[in-house]
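Please open the model in your viewer and keep the selection panel at hand. The stops below go from a whole chain to a single place where two helices meet.

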Amino acid sequence: MSKSLLGYKGSKPVLASVAVLTLIQTISIILQAKWLAESISALFAGHSLEQITTPVILFLFAFLIRILSGLFQQKIAYRFAETTSAAIRGQLMEQLFNLGPRFARIEGTGNLVTLVREGIGQFRTYLEIIIPRMIATGITPWLVLLFIFTQDVLSGLILLITMPILIAFMILIGYAARKQTEKQWHSYRILSNHFVDSLRGLETLKVLGRSKSHVKTIEDVSDRYRRATMKTLRVAFLSSFALDFFTMLSVASVAVSLGLRLIEGDMTLLTGLTVLILAPEYFLPIRMVGADYHATLNGKEAGAAIDKIIGTKPDQDNCSELSESYSWTGNSELMIQKLRVQHDQASKASLDQINLCLTGNKKVGIVGESGAGKSTLIDVLAGFLRPVDGEFILEGHMLNSLTCETWQKQTTYIPQHPYIFAGSLAENIRFYTPGASDEDVENAVEAAGLSPLVAKLPNGLHERIGNGGRPLSGGQEQRVALARAFLSNRPIILLDEPTAHLDIETEYELKKTMLPLFEGKLVCLATHRLHWMLEMDVIVVLDQGKVVEVGTHQELVAKQGFYYELLATQQEVL
Amino acid sequence: MRGKEWIRPYFHQHLRSFLLIIFLGACTILSASALMFTSGDLISKSALRPENILMVYIPVVLVRTFGTSRAVFSYVERLVAHNTILHVLSNMRGRLYKILEPQALFVRSRFQTGDVLGVLADDIEQLQNIYIRTIFPSIIALFMFVLTVIALGWFDLWFALYIGLFLIMLIVIIPIGSLWMTKAKQAELKQEKNRLYQKLTDAVMGLGDWMISGRASQFISSYQLDEENATVLESWLTRFGRWRMFFMQMIVAFVVVASLVWTAGEYATGQLSVTLIAAFALVVFPLMDAFLPISDALEKLPRYEDSFARLDALDNPLDKQVSEQGALPTKLENEVVAKAHEKANLSLEHVSFQYDSKEHAVLDINLELPQGKKVAIIGRSGAGKSTLLKLIQGAYTPTDGHVKINGVDAKLYGEEIPSVIGVLQQSPYLFDTTVANNIRLGNPNASDDEIQAAARQVKLSAMIEALPNGYKTPMHETGERFSGGERQRIALARILLQNTPVVMLDEPTVGLDARTERNLLRTIFDTLQDKTLIWVTHHLVGAERMDEIIFMEHGKIVMRGTHAELMEKYPRYRQLYLMDAPCLESE
């Protein structure tokens with residue numbers, strides 16, 4: 001681990017200064033023990049309080065230095081952990097935007113948010129802990145031991161022998177505990193998830209008439225969960241038992257052996273006391289490592305998960321080909337050649353050998369069975385997804401993907417469930433164009449058919465929507481997305497199944513609102529609601545990742561191919 | 001304090017275990033302290049060079065005993081504590097479930113956003129920590145405090161009081177004082193963290209919009225700036241904690257010196273054996289281990305406040321509907337319920353319903369559903385479809401009119417309603433158990449053959465048999481293998497086993513593509529032939545197979561009739577129908 005610690009920016013001076021502070025701390029630990037022992041043995045020898053003033057003050061001084069140097073170690077490690085984790089968070093966020101919404105859907109929004117918020121926090125804690133602990137275990141016990149050897153060889157030997165025994169036991173027990181957990185991991189997972197599973201499925205249980213009797217199941221499973229957990233804990237806690245047992249036993253052995261040699265008269269009380277006070281200090285660093293074991297483990301795992309995301313470097317795009325002032329017009333042309341999209345090596349290509357030409361302000365319908373690649377194609381066009389293979393020729397420029405900001409700024413993307421941000425209605429509508437005037441926003445509201453809703457809201461355009469605000473229906477969410485599109489008035493609109501989930505009346509009304517928006521723009525609309533196709537200039541039919549037909553509604557109906565087949569299945573009477 | 005109702009009852013319930021934990025915890029600290037105390041005593045006695053080794057025999061035995069006992073006590077204490085807490089967790093889970101169960105049908109509308117149920121389950125899980133990390137250590141420290149003062153008082157009352165003051169500093173004044181000093185900052189930090197969490201969730205959910213907007217880098221820098229603000233607060237709190245620890249450790253050092261001064265004085269006046277000087281000096285450090293962590297433990301308390309607030313809110317439901325309208329135990333005789341399980345004639349007479357005093361959600365609905373009739377309900381969101389379903393289920397009582405099943409008020413069927421009405425939900429939940437168990441939920445007494453028969457009927461048998469362990473395959477291992485349509489089919493199999501005369505279909509095809517939608521509907525209609533169907537739908541596919549189609553708007557029925565009648569009578573209906581199925585020879 002230390003190797004990768006050194007990899008972080010500015011880690012070397014941090015490690016060096018913590019090491020120096022640890023050295024100072026260790027010396028003060030030894031001196032503190034020495035002066036305390038001196039004070040006690042002086043009193044023991046019958047000296048008065050006044051006579052021990054100097055060692056007592058020195059003891060206090062050494063103690064002060066000890067905790068101060070500990071404090072500064074923490075401070076340095078904390079600051080390093082903070083800057084490092086902030087930098088990593090920045091990289092992680094950039095990477096998330098790089099990998100796009102499809103990646104976020106696969107990984108799960110919740111998981112990613114937890115990773116950025118808590119994962120980074122855990123990683124920071126890990127950095128903060130590991131540096132002082134690592135250095136302390138590397139320095140303190142050995143210096144203390146060295147000093148003890150100069151005082152009393154036998155005690156030194158006892159302590160020295162204990163350490164490997166201790167570590168061997170810890171490894172052994174850790175190994176046993178891991179095997180135990182692995183053995184019952186499977187049933188354990190079900191048991192521990194059972195309760196939340198029950199709560200989430202409560203409504204289903206209720207309508208099945210099973211919710212009342214389920215109380216008994218919850219109690220039974222909770223009990224099994226407890227027994228399973230205890231079985232694991234009995235082994236897992238053994239490691240701290242071993243730590244406790246061997247360190248305490250070792251200190252006790254040192255005490256007894258010191259006692260016996262004091263009786264023999266081979267030793268002074270001062271030496272005995274010094275060694276006795278130092279014995280627990282010898283074990284302290286390793287005990288602290290044990291105490292922080294779980295925090296470091298969590299942080300290490302979080303760090304690995306973050307590394308995995310940051311590490312997947314996407315291919316470079318060659319956006320510089322495109323001038324920043326580029327804009328799509330009625331005469332523009334985008335050639336797509338031999339496009340191939342494959343999510344990973346093992347899976348089938350979701351798009352393969354796609355050749356398409358999108359021109360000017362055409363309305364393009366994209367249809368096909370589910371899994372044919374409709375959404376994937378829209379995602380590629382929106383620049384959310386980099387193709388594995390193929391190229392895009394945009395006005396003579398050869399691009400390897402459409403992930404360019406210049407291209408994305410030409411497009412509006414309307415998915416099935418447009419995301420509503422937590423904020424006011426106006427803020428949501430202004431999302432693409434934060435600087436838009438109030439008047440423009442009101443026009444967009446009007447055009448998107450949101451006026452009746454705005455009139456009903458107590459705060460009008462300033463009503464809070466999204467998470468924590470007023471909930472909107474599916475149709476209203478679409479209208480917010482439409483208002484965004486009207487306001488930004490970008491020349492390309494990409495729609496992915498915009499109305500399939502809505503009730504038919506809402507769909508009908510929305511369609512009437514959408515058609516004027518499509519005027520004078522390049523529109524790509526992927527859907528299985530075939531009524532849209534009557535309004536499209538050209539229809540692209542996909543089947544198993546390939547383009548199988550291209551043409552107008554009439555042409556394709558006359559052809560009696562894939563498209564005809566799709567229409568026909570929707571005609572059958574059930 | 002908030003949430004005490006989620007803490008206090010378990011003290012009474014598990015009093016003996018709690019006392020045992022405190023006893024064992026005290027023994028752990030006592031062992032560690034006694035080891036150093038007796039060691040100090042031992043080497044001092046030895047330094048006096050007794051004639052006979054037997055003179056130090058007792059201290060030697062004690063040192064060896066305490067040297068091993070700490071580990072044992074600590075191990076046992078941790079096990080007992082975790083076992084007890086898992087018992088408490090089990091109690092709390094039962095309790096939370098019993099609170100939520102009667103409201104089950106309302107939970108979705110009451111908690112509109114997010115996975116509140118998951119959060120609640122998590123809250124309870126977190127409450128375990130309040131015992132392990134805060135309550136137990138605090139009580140143990142308090143106990144050790146009393147013990148220490150009494151033990152010292154046995155030697156010297158004044159010195160006991162003097163040390164007592166120092167200890168009170170450590171376990172009362174500093175913890176409470178620092179809690180008071182950091183409370184505002186902690187609250188601020190928590191708020192800041194919630195805001196960050198919200199902002200980030202928003203960003204990840206709306207990732208596509210940020211990318212398209214071309215403002216992604218703007219977002220990242222604004223987010224990093226917010227994080228920095230939170231970090232400033234966090235650093236302040238960490239710094240505060242560090243200096244507090246420094247201060248407390250200095251107190252410990254002074255206690256060491258105080259004990260030196262005191263033992264010296266006592267020895268001088270002959271009231272204390274010389275061998276105890278070292279013993280008293282050495283006992284201080286391990287003893288203080290009991291007191292130092294209290295400030296940290298107490299500081300964690302504000303973290304639980306949100307959890308407590310959420311749990312407390314459950315006990316006093318804000319929604320009047322929920323508290324008054326939940327299902328009650330049935331008041332009907334068994335024969336009535338048994339008969340309704342065979343055959344149910346539903347009738348709605350002038351049914352109206354309003355939430356609170358707002359406009360009517362459902363207004364003057366008349367509907368006759370003799371056994372076997374099939375009706376489709378169509379309307380925009382908010383038209384009153386869901387309310388109508390809840391009225392038929394007896395979950396709501398109509399404000400006017402009557403909903404009757406075989407002439408008896410639906411409400412009176414109470415918890416027996418699932419034996420009369422089955423529901424195919426929009427997103428039925430599949431539980432984390434085997435495929436067979438998921439189907440069996442429809443009827444716990446179903447044999448394996450019956451389950452397989454049901455799977456065959458819903459056309460899933462081939463797919464299930466191809467799974468690695470067939471019907472015994474755990475649901476979560478099937479992963480994404482169950483598509484939306486297949487999940488609905490599992491739910492349909494449940495309903496077949498439930499075998500109720502009436503089935504509600506609550507928009508089961510939303511989110512499915514056209515072909516899947518048609519295939520699923522075909523299976524539904526074929527398998528539920530003799531049942532009464534109440535089908536809330538968003539599309540008109542399959543409308544021809546209904547006996548009646550009802551259009552709802554603002555709680556009222558605005559169009560009704562058979563498919564043929566509506567096609568003939570209403571141009572609006574024609575338009576909608578055509579949109580759903582564009583003709584091959586259109587234009």
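## From chain B to a helix contact

Begin by selecting the whole of chain B in this predicted model, where, of the 587 residues, 42% count as buried. Colour chain B by secondary structure, and you should be able to follow 21 helices and ten strands along its course. The radius of gyration of chain B is 35 Å, well over the 25 Å that the globule rule gives for 587 residues, and chain B is therefore more spread out than a compact globule. Turning the C-alpha trace of chain B along its principal axes shows spans of about 115 × 60 × 50 Å. If you display contacts within chain B between residues at least 6 apart in sequence, 76% of them join residues at least 24 apart.

Next, select residues 109-151 of chain A, which form helix α4, together with residues 157-205 of chain B, which form helix α6. The axes of these two helices come within 10 Å and cross at roughly 135 degrees, so α4(A) and α6(B) are oblique to each other. Viewed at the crossing, α4(A) passes α6(B) in a right-handed sense.

Finally, show the side chains where the two helices touch. On the α4(A) side, select Thr109(A), Leu112(A), Val113(A), Val116(A) and Arg117(A), which meet Leu196(B), Tyr197(B), Leu200(B), Thr201(B), Val204(B) and Met205(B) in α6(B). Which kinds of residue make up the contact of α4(A) with α6(B)? Colouring this selection by residue type will separate eight nonpolar residues from two polar and one charged.

Technical notes: Residues are numbered from 1 along each chain as its sequence is written. Chains are lettered from A and ligands numbered from 1 in the order in which they are written. This is a predicted model: local features need pLDDT of at least 70, side-chain atom pairs count only at pLDDT 80 or more; totals for chains, interfaces and linings use all residues. Helices (H or I, at least four residues) and strands (E, at least two) are DSSP runs, numbered from the N terminus. The radius of gyration is taken over C-alpha atoms; the globule rule is 2.2 Å times the number of residues to the power 0.38. A residue is buried if 20 or more other C-beta atoms lie within 10 Å of its own, exposed if 12 or fewer, and partly exposed in between; C-beta atoms are placed from the backbone. Two residues are in contact if their C-beta atoms, placed from the backbone, lie within 7 Å. Axes are lines fitted to C-alpha atoms, for helices over the stretch in contact, and angles run from 0 to 180 degrees between N-to-C directions. Angles under 35 degrees count as roughly parallel, over 145 as roughly antiparallel, 65 to 115 as roughly perpendicular and the rest as oblique. A crossing is left-handed if the near helix is turned anticlockwise from the far one by less than a right angle, and right-handed if clockwise. Ala, Val, Leu, Ile, Met, Phe, Trp, Tyr, Cys and Pro count as nonpolar, Asp, Glu, Lys and Arg as charged, and the others, Gly among them, as polar.
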